[in-house]
Amino acid sequence: MPRYNPKEVEPKWQARWRGAKSFETQSENAKPKYYVLEMFPYPSGRIHVGHVRNYAMGDVIARYKKAQGFNVLHPMGWDAFGMPAENAAMQTGSHPAKWTYSNIDVMRGQLQLMGLSIDWSREFATCDPAYYVHQQRMFLEFWKEGLAYRKESQVNWDPVDQTVLANEQVIDGKGWRSGAPVERRKLSQWFFKITDAAEDLLSALDDGRLSGWPDNVKLMQKNWIGKSKGLQMRFPFAAETSVPKGFEGGVEIFTTRPDTLFGASFIAISPDHPLAILLAESDKGLAKFIAECASSGTSEEAIEKAEKRGLKTALETGHPFDDRKLPVYVANFVLMGYGTGAIFGCPAHDQRDYDFATKYDLAIPPVVLPDGADADVYTLEGEPYIGPGKIFNSDFLDGLPVEDAIAAAIKKIEQMDLGKGVTQYRLRDWGVSRQRYWGCPIPAIHCSTCGIVPVPVKDLPVKLPEEADFSVPGNPLDRHPTWKHVDCPTCGGKARRETDTFDTFVDSSWYFARFASQPKDKPMTREVVDSWLPVDQYIGGVEHAILHLLYARYFTRMMKQCGHVSLDEPFANLFTQGMVVHATYRDESGQWLQPDQVIVEKGAALRADNGKPVKIGAIEKMSKSKKNVVSPDAIAETYGADAARWFMLSDSPPERDVEWTDAGVEGAWRLIGRIWDAISAAPGALKNLDMSKPNVTDADKALRQATHAAIDGVTSDIEHFRFNKAIARIYEFINVLKKESGAGKWARAEALGALSQLVAPFIPHLAEECWETLGGKGFICDAPWPKADKTLLAKDELLLGVQVNGKRRGEILVAADAANETVEQAALSDEGVQRHIDGKTVRKIVIVPGRIVNIVAN
RNA sequence: GCCCCUGUGGUGGAAUUGGUAGACACGCCUGACUCAAAAUCAGGUGCUGCAAAGCGUGCUGGUUCGAGUCCGGCCAGGGGCACCA
């Protein structure tokens, strides 16, 4: 018997699939369509095991659906623009395009070795002008529709390198290269009006349009959009305050808790608030404070984690309901981007306000009384009270529950003409400008006479200049000697190009549509895209649960508005798979090390080359920047792609993170050997199936039961993304198959055929080899999926556990259709049960049919 | 800090969704084959205990005839936080 040799077998079948164009998809097809898509990769350099896991999952689905009779679309491409290419250019001098395309070549080769059922004829990279020309075209349409516009927003500015930094490049408030404290700086940039769609993006989460999405992702998106109803109102200044020019009306605030207005003890405005900026003009201390606030990064995390600080201004406001005066603070925890950039502080019932009031010694009057508390003696003990209750110490709101008090307060303020109830969203418009080279150029031209004008469609694509200088930080497009100088398309005068490029989230917000339809003269052909979308199964990491998915949902709506597609929601079913994580390592100088450069023994780590100590860091998702990546090459080289794929899908549930370990691949390899041994011992067996079914012996029946239980179980496991369980079932089936010796040829042939088909989505090369050996017709990847015979699944006898007072004390074997009395008798007479009910009175017997018997006795 | 998720043997995990905790696999132990090793095959393996038995799903409290599963409070780890992708 020849030993199975994946090095020969795998390339052989890959060549045959290619020859037969097995996975090239035609849009015109009588079969129902099924679109499987995994989030396309960033070409970081090499495929790692995390990619293999992701694409192996998609491939199982794609091959399974093909066997189920669907016309499957399963494409692949490259999310090819982005910062790492530009960083590489700065470090090594190689051009981003060259770096990117050579990475793509390597990674395509690696993926192809995995034997994925991908339609490679549809492959593209987002950095190809043939792709991004259509993105520019759509941008011009969005602009015309008013969906794209310009406004000022803040960026992280490195004052030494004179460049904009990504949040990732800000470490502890300092620039990653220069080490200089970053500044927040305002820049005029391009935005997409995603806030216009906030309500629809939100309601689609609940109205069934996204019923195929996991709840946690929908919840995260809901919280991200952050719809809240509240009160926008103004606090007029106190009589003796000298009112700053332009703010005669007072301070405009937004609150979701107007019920706590009587608990107000201060007003706080954002350091970026126009009032704060105005006051700073004549107040050096305040100007200094505002500058200090601007020295952290722009990320919400950095702002939230910063110590709560404030500076008291000379201003005071009055209070709408009584004559108290409230000091006005400029405070670093108030965000200009949310609400009105100003709040009233109610320290008794808000954690941040409480911290602030404690620090600056402000009053903390409680106004919400927890249910059951006594108003006369109630005090806060070291923390604010956030929970429900009834309002007190609040005049006309006294006695009302929180919800009613909110409504009553809004009504009163509206009557007083000081404000109105409003709906507020946390979601901000999508800033798409990036001051970088390696991205899709934004097709706009700045003219001193005509303003900002679109690049005429006939001049598209606006291509990146090939020559660029990466030797210094900053935007190479901006300092390019010639590229930006153009004539204004409107007046013909001297003008300059927009030097911002698009956020790479734009590139990945419509690639799924382009995969389905790739005409040259337009982004997509509507009828074709409509016939393929939505993606029936989208698969990707949870880390994309909010941004990428939300942007793609919005982009699809914009495309719909411009007539490119007919639907709102691009992804009908979403599966978020867990990440492959690995420990991170750094040497003494703080340089990241790859796992294969490190030897770990007894919890201590040493460098493989020089034995110097290595610091073991957190276990994190595999990423190139931290070098904690493991490549599948070694596994594939030794054991073949099938073993690598099988191993990646074994054991861990797909939605869960897995920590990579080398242990266990041997198990996958052994399984491949066992399957091959079983099948190569029965060449041509499937031809036996053509004969009429012989009389069935008990041994035949036992084997057939195992076969059909396996078909039934594996089918439902694949349908529900339980690949680890499908694999466990296949092991069980093989264990039965190996032991079973009395079954006849017919039953064995059926079992071996089913086995080959059940493993085919997971280990397709071996499966084809098995199918051919057994004498199956055509490719196994074209064979229809086996159907379980349900009549073989029912069992005659059941083994039931018997509990006494909830603890398992015995087991009984009863007929599947036994009456309750019979079961009770059997349970009570069980020896183990007898021991535990001896001397006690049986109070109750709970029988859960087919499951368990519980005897309650005391 | 805020939002989401996870926690079960030495390890990855299973448990028909409130019903016999530990399927399946890795590892380990024992045996067979071998001059020997590897590979392969067979058996064993939650913990304590000679046994009887007891204990056991991050910790803690609750609901229930019955909780890994539901509810409350904690602890630990991971993901996201709008310029990493």
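**Exercise 1. Find out how the span of helix H22 in chain A compares with what its 15 residues should give.**

Step 1. Start with the expected value: at 1.5 Å a residue, the 15 residues of helix H22 (residues 745-759) should span 21 Å. That expected span is 1.5 Å times one less than the number of residues. Helices here are DSSP runs of H or I with at least four residues, strands are runs of E with at least two, and both are numbered from the N terminus.

Step 2. Now check the ends: the end C-alpha atoms of H22 are 21 Å apart, which agrees.

Step 3. Look at the surroundings. Because 13 of the 15 residues of H22 are buried, the helix is largely enclosed by the rest of the structure. Buried means under 20% relative accessible area, exposed means over 50%, and partly exposed is in between (1.4 Å probe, protein chains only).

A word on the ground rules: this is a predicted model, where local features need pLDDT of at least 70, side-chain atom pairs count only at pLDDT 80 or more, and totals for chains, interfaces and linings use all residues. Residues are numbered from 1 along each chain as its sequence is written, chains are lettered from A and ligands numbered from 1 in the order in which they are written, and side-chain values use heavy atoms, with hydrogens and water left out.

**Exercise 2. Work out which side of helix H12 is buried, and what that side packs against.**

Step 1. Get the helix in view: H12 (residues 402-415) has 14 residues and reaches 20 Å from its first C-alpha to its last, close to the 20 Å expected.

Step 2. Pick out the buried residues, which are Val402, Ala405, Ile406, Ala409, Ile410 and Ile413. They sit on the same side of H12 because they cover an arc of only 135 degrees around the axis. The arc is that of the directions from the helix axis to the C-beta atoms.

Step 3. Recall the general pattern: an α-helix has 3.6 residues a turn, so residues three or four places apart point the same way.

Step 4. Turn the helix round. Glu403, Lys411 and Gln415 are exposed, on the face turned away from the buried side.

Step 5. Find the partners. The buried residues of H12 pack against strands E8 (228-235), E14 (368-369), E15 (390-391) and E16 (419-424). Contact means heavy atoms within 4.5 Å.

**Exercise 3. Place His548 in its helix and list what it touches.**

Step 1. His548 belongs to helix H16 (residues 547-561).

Step 2. His548 has a relative accessible area of 6%, so it is buried. It has plenty of company: 12 of the 15 residues of H16 are buried, so H16 is largely enclosed by the rest of the structure.

Step 3. Leave aside the neighbours within four places in sequence, and His548 is in contact with Met39, Phe505, Ser508, Tyr511 and Tyr538.

**Exercise 4. Track down some unusual backbone spots in the loops.**

Step 1. Know the usual case: most residues other than glycine have a negative phi, and most peptide bonds are trans.

Step 2. Look for cis bonds. The peptide bond from Leu460 to Pro461 is cis, with omega near 0 degrees, and Pro461 lies in the loop between strands E20 (451-454) and E21 (485-487). Leu533 and Pro534 are also joined by a cis peptide bond; Pro534 is in the loop between helix H15 (526-532) and strand E24 (537-541).

Step 3. Look for positive phi. Lys627 isn't a glycine, yet its phi is about 60 degrees. Its loop runs between strand E30 (613-621) and helix H17 (633-639), and at 34% relative accessibility Lys627 is partly exposed. Asp651, not a glycine either, has a positive phi of about 70 degrees. Asp651 is in the loop between helix H18 (641-649) and strand E31 (658-659), and counts as exposed at 64%.

**Exercise 5. Describe the protein surface near RNA strand B.**

Step 1. Split the residues by type: 25 are nonpolar, 20 polar and 26 charged. Here Ala, Val, Leu, Ile, Met, Phe, Trp, Tyr, Cys and Pro count as nonpolar, Asp, Glu, Lys and Arg as charged, and the others, Gly among them, as polar. Near means that a heavy atom of the residue lies within 4 Å.

Step 2. Find the top contributor: helix H21 (residues 723-739) gives the most, with six residues.

Step 3. Zoom in on atoms. A polar side-chain atom of Arg835 lies 2.8 Å from a phosphate oxygen of RNA strand B, while one of Arg808 lies 2.8 Å from a base oxygen.

Terms used
A polar contact is a pair of N or O atoms within 3.5 Å; within protein, one must be able to donate a hydrogen and the other to accept it, and residues adjacent in sequence count only if both atoms are side-chain atoms.
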